[in-house]
Amino acid sequence: MSRFLALYRGPATPPSEMSEEAVKKSMGEWHAWMENVGSALSDPGAPCGARVALKDDGTTAEPTDQNGYSIVEATDLDAAKSLFEKHPFLSEGKGRFAVEVFELIPM
């Protein structure tokens, strides 16, 4: 089994700016996805908060719209990709959100 890092990117609205009803709906969708993935979800991850992008010349840049991460276990990249087919972050359908999946190479 390999481990895969999923990075969530897109203009997500922070829960602090959502109605209580919208937060409940969103969290319900996330919990349903986590239950569906089951034991393949080795680390549910966390949302991202304050951020800074550091450059190799000592300056800073505008950080990306990175919103969070999760770690899953799967036999290969295709199997890992299939775990995100019904992920709530990909439900809008307008191309503004993405889940990037990377295999974590053992060192």
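Me: What joins E1 to E5?
Reply: Eight bridges, and the two strands run antiparallel. Strands pair if DSSP finds at least two bridges between them, so E1 and E5 count as paired. One contact to look at: Ala6 stands opposite Ser70 in E5.

Me: What kind of model is this?
Reply: A predicted one, in which local features need pLDDT of at least 70 and side-chain atom pairs count only at pLDDT 80 or more, while totals for chains, interfaces and linings use all residues. Residues are numbered from 1 along each chain as its sequence is written, and side-chain values use heavy atoms, with hydrogens and water left out.

Me: Which elements does the chain hold, and in what order?
Reply: The chain has two helices and six strands. From the N terminus on, they run β-α-β-β-β-β-α-β. The elements are DSSP runs numbered from the N terminus: helices are H or I with at least four residues, strands are E with at least two. The C-alpha atoms fill a box of roughly 45 × 40 × 25 Å along the principal axes.

Me: What makes E2 and E6 edge strands?
Reply: Each pairs on one side only. The open sheet has four strands in the order E2-E5-E1-E6, with antiparallel pairing. The twist averages 15° from one strand to the next; axes are lines fitted to C-alpha atoms, for helices over the stretch in contact, and angles run from 0 to 180 degrees between N-to-C directions.

Me: How many bridges tie E2 and E6 to their partners?
Reply: E2 and E5 share four bridges, in the antiparallel sense. Asp43 has Ile71 of E5 as its bridge partner. E1 and E6 are joined by seven bridges and also run antiparallel. There, Leu5 has Phe102 of E6 as its partner.

Me: Why is Glu21 called exposed?
Reply: Its relative accessible area is 68%. Exposed means over 50%, buried under 20%, and partly exposed in between (1.4 Å probe, protein chains only), so Glu21 is exposed. Glu21 sits in helix H1.

Me: Why is Glu73 called partly exposed?
Reply: Glu73 has a relative accessible area of 31%, which falls between the two cut-offs, so partly exposed is the right label. Its place is in strand E5. Glu73 and Glu103 are 30 residues apart in sequence, and their C-alpha atoms are 9.4 Å apart in space.

Me: What makes the 16 residues a nonpolar core?
Reply: A nonpolar core is a set of buried Ala, Val, Leu, Ile, Met, Phe, Trp, Tyr and Cys residues joined through side-chain atoms within 4.5 Å. The largest such set has 16 residues, with Tyr8, Val72, Leu83 and Phe84 making the most contacts inside it. Strand E1 (2–9), helix H1 (20–37) and strand E5 (66–74) each supply at least two of its residues. Of the chain's 107 residues, 25% count as buried.

Me: How much space lies in the largest pocket, and what lines it?
Reply: About 860 Å³ of space lies there. The lining has 31 residues; Ala12, Thr13, Ser26, Trp30 and Phe89 are the closest to the centre. H1, strand E2 (41–47) and E5 each give two or more residues to the lining. H1 gives the most, eight.

Me: What is the make-up of the residues lining the largest pocket?
Reply: They divide into 19 nonpolar, seven polar and five charged.

Technical notes
1 Å grid on protein atoms, 1.4 Å probe; cavity = no way out; pocket = protein on both sides within 12 Å on 5 of 7 lines; lining within 4 Å. Points joined across faces, edges and corners; volume = space filled by probe spheres on them. Nonpolar A, V, L, I, M, F, W, Y, C, P; charged D, E, K, R; others polar.
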